[in-house]
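Got the model open in your viewer? Let's walk through it one selection at a time.

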Amino acid sequence: MNLDFFRNRATVRVFSDREVPDSLVCEIIEAAAHAPNTGNMQLYSVVVTKSEEGRQKLAPLHFNQPAATGAPVLLTVCADIRRFGKWCDCRQAKTGLYNFGGWLSAITDAAIFAQQIVTAAEANGLGCCYLGTATYNIDGFSEALDLPEGVMPLVGIALGYPAEKEHLVSDRLPMPAIVHFEKFHDYTAEDIDAYYKEKESLAESEIFIAENGKRTLAQVFSEVRYPRDLNEAVGDAALRRMGVRK
Ligand SMILES: Cc1cc2nc3c(=O)[nH]c(=O)nc-3n(C[C@H](O)[C@H](O)[C@H](O)COP(=O)(O)O)c2cc1C
(Lines give C-alpha, C1' and ligand atoms only; values in the text may rest on other atoms or scores of the structure.)
Protein backbone atom coordinates (compact mmCIF):
# COMPACT_ATOMS: atom_id res chain seq x y z
CA MET A 1 0.00 0.00 0.00
CA ASN A 2 1.26 3.47 -0.86
CA LEU A 3 1.66 5.32 2.45
CA ASP A 4 1.10 8.70 0.77
CA PHE A 5 -2.58 8.10 1.56
CA PHE A 6 -1.67 8.74 5.23
CA ARG A 7 0.74 11.58 4.49
CA ASN A 8 -1.74 13.51 2.37
CA ARG A 9 -4.87 13.20 4.47
CA ALA A 10 -6.30 16.10 6.42
CA THR A 11 -9.19 16.86 8.72
CA VAL A 12 -12.25 18.19 6.86
CA ARG A 13 -14.42 20.75 8.65
CA VAL A 14 -16.69 21.96 5.83
CA PHE A 15 -19.04 19.51 4.16
CA SER A 16 -21.11 19.49 0.96
CA ASP A 17 -24.88 18.82 0.90
CA ARG A 18 -24.31 15.40 -0.68
CA GLU A 19 -26.05 12.74 1.32
CA VAL A 20 -24.02 9.96 2.89
CA PRO A 21 -26.03 6.74 2.36
CA ASP A 22 -26.80 4.68 5.46
CA SER A 23 -25.36 1.67 3.68
CA LEU A 24 -21.95 3.41 3.39
CA VAL A 25 -21.98 4.50 7.04
CA CYS A 26 -22.78 0.93 8.08
CA GLU A 27 -20.15 -0.55 5.76
CA ILE A 28 -17.48 1.78 7.19
CA ILE A 29 -18.43 0.95 10.77
CA GLU A 30 -18.54 -2.78 10.05
CA ALA A 31 -15.09 -2.67 8.43
CA ALA A 32 -13.70 -0.53 11.27
CA ALA A 33 -14.95 -3.07 13.81
CA HIS A 34 -12.31 -5.46 12.46
CA ALA A 35 -9.70 -3.32 14.24
CA PRO A 36 -7.62 -5.02 16.92
CA ASN A 37 -9.20 -4.71 20.37
CA THR A 38 -8.72 -5.96 23.91
CA GLY A 39 -9.20 -9.75 23.99
CA ASN A 40 -11.73 -9.36 21.17
CA MET A 41 -14.24 -8.07 23.72
CA GLN A 42 -14.82 -4.96 21.55
CA LEU A 43 -15.24 -2.58 24.47
CA TYR A 44 -16.79 0.19 22.39
CA SER A 45 -20.00 1.25 20.73
CA VAL A 46 -21.00 4.08 18.41
CA VAL A 47 -24.15 6.18 18.20
CA VAL A 48 -24.98 7.37 14.66
CA THR A 49 -26.90 10.64 14.50
CA LYS A 50 -28.32 11.58 11.09
CA SER A 51 -31.71 13.12 11.87
CA GLU A 52 -32.00 16.90 11.78
CA GLU A 53 -33.46 16.87 15.29
CA GLY A 54 -30.68 14.69 16.66
CA ARG A 55 -27.90 16.74 15.07
CA GLN A 56 -29.44 19.96 16.35
CA LYS A 57 -29.39 18.53 19.83
CA LEU A 58 -25.73 17.49 19.61
CA ALA A 59 -24.33 20.60 17.89
CA PRO A 60 -24.51 22.89 20.96
CA LEU A 61 -22.92 20.14 23.06
CA HIS A 62 -20.04 20.37 20.58
CA PHE A 63 -20.03 24.15 21.18
CA ASN A 64 -21.55 24.67 17.71
CA GLN A 65 -18.25 24.03 16.01
CA PRO A 66 -18.84 24.48 12.24
CA ALA A 67 -17.85 20.86 11.61
CA ALA A 68 -20.57 19.74 14.03
CA THR A 69 -23.29 22.09 12.75
CA GLY A 70 -22.55 21.39 9.07
CA ALA A 71 -21.96 17.64 8.96
CA PRO A 72 -24.70 15.34 7.62
CA VAL A 73 -23.60 12.56 9.99
CA LEU A 74 -22.39 12.81 13.57
CA LEU A 75 -20.90 9.77 15.23
CA THR A 76 -20.35 9.48 18.96
CA VAL A 77 -17.81 6.77 19.70
CA CYS A 78 -18.13 5.45 23.23
CA ALA A 79 -15.98 3.41 25.56
CA ASP A 80 -18.40 0.64 26.56
CA ILE A 81 -17.88 -1.81 29.41
CA ARG A 82 -21.64 -2.27 29.80
CA ARG A 83 -22.33 -4.79 27.01
CA PHE A 84 -19.59 -7.13 28.24
CA GLY A 85 -20.88 -6.70 31.81
CA LYS A 86 -24.42 -7.60 30.71
CA TRP A 87 -23.09 -10.65 28.88
CA CYS A 88 -21.43 -11.76 32.10
CA ASP A 89 -24.67 -11.14 34.03
CA CYS A 90 -26.53 -13.38 31.59
CA ARG A 91 -23.91 -16.15 31.65
CA GLN A 92 -23.21 -16.82 35.34
CA ALA A 93 -20.05 -14.68 35.19
CA LYS A 94 -18.92 -11.59 37.09
CA THR A 95 -17.39 -8.83 35.04
CA GLY A 96 -13.96 -7.66 36.13
CA LEU A 97 -14.10 -4.48 34.06
CA TYR A 98 -15.95 -2.03 36.30
CA ASN A 99 -12.77 -0.33 37.50
CA PHE A 100 -10.16 2.06 36.09
CA GLY A 101 -8.17 -0.75 34.41
CA GLY A 102 -11.31 -1.95 32.62
CA TRP A 103 -12.08 1.59 31.49
CA LEU A 104 -8.51 2.02 30.21
CA SER A 105 -9.02 -1.03 27.99
CA ALA A 106 -12.35 0.34 26.77
CA ILE A 107 -10.88 3.78 26.05
CA THR A 108 -8.04 2.16 24.10
CA ASP A 109 -10.46 -0.03 22.12
CA ALA A 110 -12.78 2.90 21.38
CA ALA A 111 -9.93 5.15 20.25
CA ILE A 112 -8.57 2.51 17.87
CA PHE A 113 -12.08 1.82 16.56
CA ALA A 114 -12.67 5.55 16.02
CA GLN A 115 -9.47 5.94 14.04
CA GLN A 116 -10.32 2.91 11.94
CA ILE A 117 -13.67 4.55 11.11
CA VAL A 118 -11.84 7.74 10.09
CA THR A 119 -9.35 5.85 7.93
CA ALA A 120 -12.09 3.78 6.25
CA ALA A 121 -14.19 6.91 5.65
CA GLU A 122 -11.29 8.91 4.23
CA ALA A 123 -10.31 6.00 1.99
CA ASN A 124 -13.87 6.12 0.61
CA GLY A 125 -13.74 9.81 -0.28
CA LEU A 126 -15.48 11.08 2.84
CA GLY A 127 -14.11 13.83 5.07
CA CYS A 128 -13.94 13.59 8.86
CA CYS A 129 -13.41 15.86 11.80
CA TYR A 130 -12.88 14.45 15.26
CA LEU A 131 -14.83 16.34 17.91
CA GLY A 132 -12.97 16.12 21.19
CA THR A 133 -15.77 18.18 22.67
CA ALA A 134 -17.56 14.88 23.40
CA THR A 135 -15.48 14.63 26.57
CA TYR A 136 -16.01 18.31 27.45
CA ASN A 137 -19.65 17.50 28.03
CA ILE A 138 -19.90 13.88 29.13
CA ASP A 139 -23.10 14.42 31.11
CA GLY A 140 -24.77 16.35 28.26
CA PHE A 141 -24.00 13.64 25.68
CA SER A 142 -25.05 10.90 28.07
CA GLU A 143 -28.41 12.60 28.53
CA ALA A 144 -28.93 13.47 24.85
CA LEU A 145 -28.06 9.95 23.66
CA ASP A 146 -29.49 7.96 26.60
CA LEU A 147 -26.06 6.52 27.43
CA PRO A 148 -26.39 4.27 30.48
CA GLU A 149 -23.83 3.60 33.20
CA GLY A 150 -20.80 1.80 31.77
CA VAL A 151 -20.91 3.74 28.49
CA MET A 152 -18.80 6.89 28.15
CA PRO A 153 -18.70 9.22 25.13
CA LEU A 154 -15.05 9.38 24.10
CA VAL A 155 -14.96 11.25 20.84
CA GLY A 156 -17.32 12.61 18.20
CA ILE A 157 -16.69 12.27 14.46
CA ALA A 158 -18.29 14.69 12.00
CA LEU A 159 -18.65 12.84 8.72
CA GLY A 160 -19.63 13.92 5.21
CA TYR A 161 -18.42 14.59 1.70
CA PRO A 162 -15.89 17.46 1.69
CA ALA A 163 -17.15 20.79 0.34
CA GLU A 164 -13.79 21.40 -1.33
CA LYS A 165 -11.58 19.11 -3.40
CA GLU A 166 -8.28 20.49 -2.13
CA HIS A 167 -7.26 20.42 1.50
CA LEU A 168 -4.31 21.70 3.46
CA VAL A 169 -2.10 19.03 4.94
CA SER A 170 -0.97 20.13 8.40
CA ASP A 171 2.56 20.02 9.78
CA ARG A 172 3.98 17.25 11.93
CA LEU A 173 6.94 17.17 14.28
CA PRO A 174 10.07 15.65 12.72
CA MET A 175 10.73 11.95 13.25
CA PRO A 176 13.48 12.39 15.92
CA ALA A 177 10.91 14.20 18.07
CA ILE A 178 8.68 11.16 18.29
CA VAL A 179 10.87 8.10 17.77
CA HIS A 180 13.25 6.69 20.38
CA PHE A 181 15.36 3.79 19.20
CA GLU A 182 16.07 1.10 21.80
CA LYS A 183 15.69 3.47 24.80
CA PHE A 184 13.88 6.70 25.55
CA HIS A 185 16.16 9.73 25.24
CA ASP A 186 14.90 12.64 27.28
CA TYR A 187 14.41 16.01 25.57
CA THR A 188 17.01 18.74 26.02
CA ALA A 189 16.23 22.42 25.45
CA GLU A 190 18.23 22.18 22.21
CA ASP A 191 16.12 19.22 21.08
CA ILE A 192 12.95 21.19 21.78
CA ASP A 193 14.28 24.13 19.73
CA ALA A 194 14.98 21.82 16.81
CA TYR A 195 11.74 19.84 17.02
CA TYR A 196 9.40 22.85 17.26
CA LYS A 197 11.31 25.18 14.92
CA GLU A 198 9.20 24.47 11.85
CA LYS A 199 5.86 24.59 13.67
CA GLU A 200 6.76 27.85 15.40
CA SER A 201 7.85 29.52 12.18
CA LEU A 202 4.61 28.80 10.30
CA ALA A 203 2.70 31.95 9.31
CA GLU A 204 -0.47 30.48 10.91
CA SER A 205 1.37 30.07 14.21
CA GLU A 206 2.32 33.74 14.25
CA ILE A 207 -1.28 34.71 13.52
CA PHE A 208 -2.44 32.36 16.28
CA ILE A 209 -0.08 33.99 18.79
CA ALA A 210 -1.11 37.54 17.81
CA GLU A 211 -4.85 36.72 17.85
CA ASN A 212 -4.59 35.31 21.34
CA GLY A 213 -2.38 38.09 22.69
CA LYS A 214 0.35 35.64 23.74
CA ARG A 215 4.13 35.62 23.36
CA THR A 216 4.71 31.99 22.36
CA LEU A 217 2.78 29.24 20.60
CA ALA A 218 3.19 27.04 23.66
CA GLN A 219 1.32 29.70 25.67
CA VAL A 220 -1.57 29.58 23.21
CA PHE A 221 -1.83 25.81 23.59
CA SER A 222 -1.31 25.67 27.35
CA GLU A 223 -3.23 28.80 28.43
CA VAL A 224 -5.96 29.19 25.80
CA ARG A 225 -6.68 25.95 23.93
CA TYR A 226 -5.98 23.23 26.48
CA PRO A 227 -5.69 24.98 29.87
CA ARG A 228 -5.30 23.11 33.11
CA ASP A 229 -8.76 23.92 34.51
CA LEU A 230 -10.44 22.59 31.35
CA ASN A 231 -8.45 19.34 31.45
CA GLU A 232 -9.13 18.93 35.16
CA ALA A 233 -12.86 19.41 34.59
CA VAL A 234 -12.85 16.87 31.71
CA GLY A 235 -10.86 14.43 33.84
CA ASP A 236 -13.17 14.86 36.84
CA ALA A 237 -16.28 14.25 34.73
CA ALA A 238 -14.68 11.18 33.13
CA LEU A 239 -13.63 9.75 36.50
CA ARG A 240 -17.16 10.31 37.85
CA ARG A 241 -18.61 8.57 34.80
CA MET A 242 -16.18 5.70 35.29
CA GLY A 243 -17.28 5.41 38.90
CA VAL A 244 -13.67 6.01 39.96
CA ARG A 245 -14.51 9.30 41.70
CA LYS A 246 -17.76 10.56 43.29
C1 LIG B 1 -9.11 13.28 19.96
C2 LIG B 1 -9.20 14.38 18.94
C3 LIG B 1 -10.04 15.44 19.16
C4 LIG B 1 -10.17 16.45 18.21
N5 LIG B 1 -11.08 17.45 18.41
C6 LIG B 1 -11.27 18.38 17.46
C7 LIG B 1 -12.29 19.34 17.61
O8 LIG B 1 -13.02 19.37 18.61
N9 LIG B 1 -12.45 20.26 16.62
C10 LIG B 1 -11.67 20.26 15.49
O11 LIG B 1 -11.88 21.12 14.62
N12 LIG B 1 -10.70 19.33 15.30
C13 LIG B 1 -10.49 18.39 16.26
N14 LIG B 1 -9.54 17.42 16.08
C15 LIG B 1 -8.73 17.40 14.84
C16 LIG B 1 -7.32 17.89 15.10
O17 LIG B 1 -7.35 19.27 15.35
C18 LIG B 1 -6.46 17.56 13.88
O19 LIG B 1 -6.45 16.15 13.68
C20 LIG B 1 -5.02 18.04 14.05
O21 LIG B 1 -4.99 19.44 14.11
C22 LIG B 1 -4.14 17.58 12.89
O23 LIG B 1 -4.69 18.02 11.67
P24 LIG B 1 -5.03 16.99 10.49
O25 LIG B 1 -6.02 15.98 11.01
O26 LIG B 1 -5.64 17.83 9.40
O27 LIG B 1 -3.74 16.36 10.08
C28 LIG B 1 -9.39 16.42 17.03
C29 LIG B 1 -8.53 15.32 16.81
C30 LIG B 1 -8.45 14.31 17.75
C31 LIG B 1 -7.58 13.12 17.46
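**Stop one: the sheet**

Start by selecting strand E3, residues 127-131. Four of the five residues of E3 are buried, so the rest of the structure largely encloses this strand. Buried here means that 20 or more other C-beta atoms lie within 10 Å of a residue's own; exposed means 12 or fewer, partly exposed is in between, and the C-beta atoms are placed from the backbone. Helices (H or I, at least four residues) and strands (E, at least two) are DSSP runs, numbered from the N terminus.

Before going further, two notes on what you are looking at. This is a predicted model, where local features need pLDDT of at least 70 and side-chain atom pairs count only at pLDDT 80 or more, while totals for chains, interfaces and linings use all residues. Residues are numbered from 1 along each chain as its sequence is written.

Now add strand E4, residues 151-160. E3 and E4 pair in the antiparallel sense over five bridges; two strands count as paired if DSSP finds at least two bridges between them. To see the register, pick Gly127, which stands opposite Gly160 in E4, and then Tyr130, which faces Ile157. E4 is largely enclosed by the rest of the structure, because 10 of its 10 residues are buried.

Next, bring in strand E2, residues 73-80. Eight bridges join E2 to E4, and the two run antiparallel. Cys78 has Pro153 as its bridge partner in E4, and Leu75 has Ile157. So click Ile157 again: on one side you find Leu75, and Tyr130 also stands opposite Ile157.

How many residues of E2 are buried? Eight of the eight are, so E2 too is largely enclosed by the rest of the structure. Colour its two faces separately: Val73, Leu75, Val77 and Ala79 are on one side, Leu74, Thr76, Cys78 and Asp80 on the other, and all are buried.

Finish the sheet with strand E1, residues 44-49, which is joined to E2 by six bridges and runs antiparallel to it. Val46 is a handy marker here, with Val77 as its bridge partner in E2. Show the four strands together and you have an open sheet in the order E1-E2-E4-E3, with antiparallel pairing. E1 and E3 are the edge strands, each pairing on one side only. The twist averages 25 degrees from one strand to the next, with axes being lines fitted to C-alpha atoms, for helices over the stretch in contact, and angles running from 0 to 180 degrees between N-to-C directions.

**Stop two: the ligand**

Select the ligand and show what is around it. Which residues surround the ligand? They are Ala10, Thr11, Arg13, Gln65, Ala67, Cys129, Tyr130, Leu131, Gly132, Thr133, Val155 and Ser170. A residue is taken as near a molecule or strand if its C-beta atom, placed from the backbone, lies within 6 Å of it. The largest share of this shell, three residues, comes from E3. By type, the shell divides into six nonpolar, five polar and one charged; Ala, Val, Leu, Ile, Met, Phe, Trp, Tyr, Cys and Pro count as nonpolar, Asp, Glu, Lys and Arg as charged, and the others, Gly among them, as polar.

**Stop three: Pro162**

Pro162 is in the loop between E4 and helix H8 (175-178). Buried or exposed? Pro162 is partly exposed, because 19 other C-beta atoms lie within 10 Å. Draw a distance to Arg13: the two are 149 residues apart along the chain, but their C-alpha atoms are separated by 7.8 Å. Leaving aside neighbours within four places in sequence, Pro162 is in contact (C-beta atoms, placed from the backbone, within 7 Å) with Val12, Phe15, Ser16, Gly127 and His167.

**Stop four: a helix and some loops**

Select helix H6, residues 100-123. Its 24 residues reach 34 Å from first C-alpha to last, close to the 34 Å expected at 1.5 Å a residue; the expected span is 1.5 Å times one less than the number of residues. Gly125 follows H6 and has a positive phi, near 85 degrees.

Go to Gln92, in the loop between helix H5 (82-90) and H6. Gln92 is not a glycine, yet its phi is positive, about 50 degrees. Gln92 is exposed, with 6 other C-beta atoms within 10 Å.

Asn64 sits in the loop between helix H3 (52-61) and helix H4 (66-70). Asn64 also has a positive phi of about 50 degrees without being a glycine, and counts as exposed with 10 C-beta neighbours inside 10 Å.

Terms used:
Contact = placed C-beta atoms within 7 Å.
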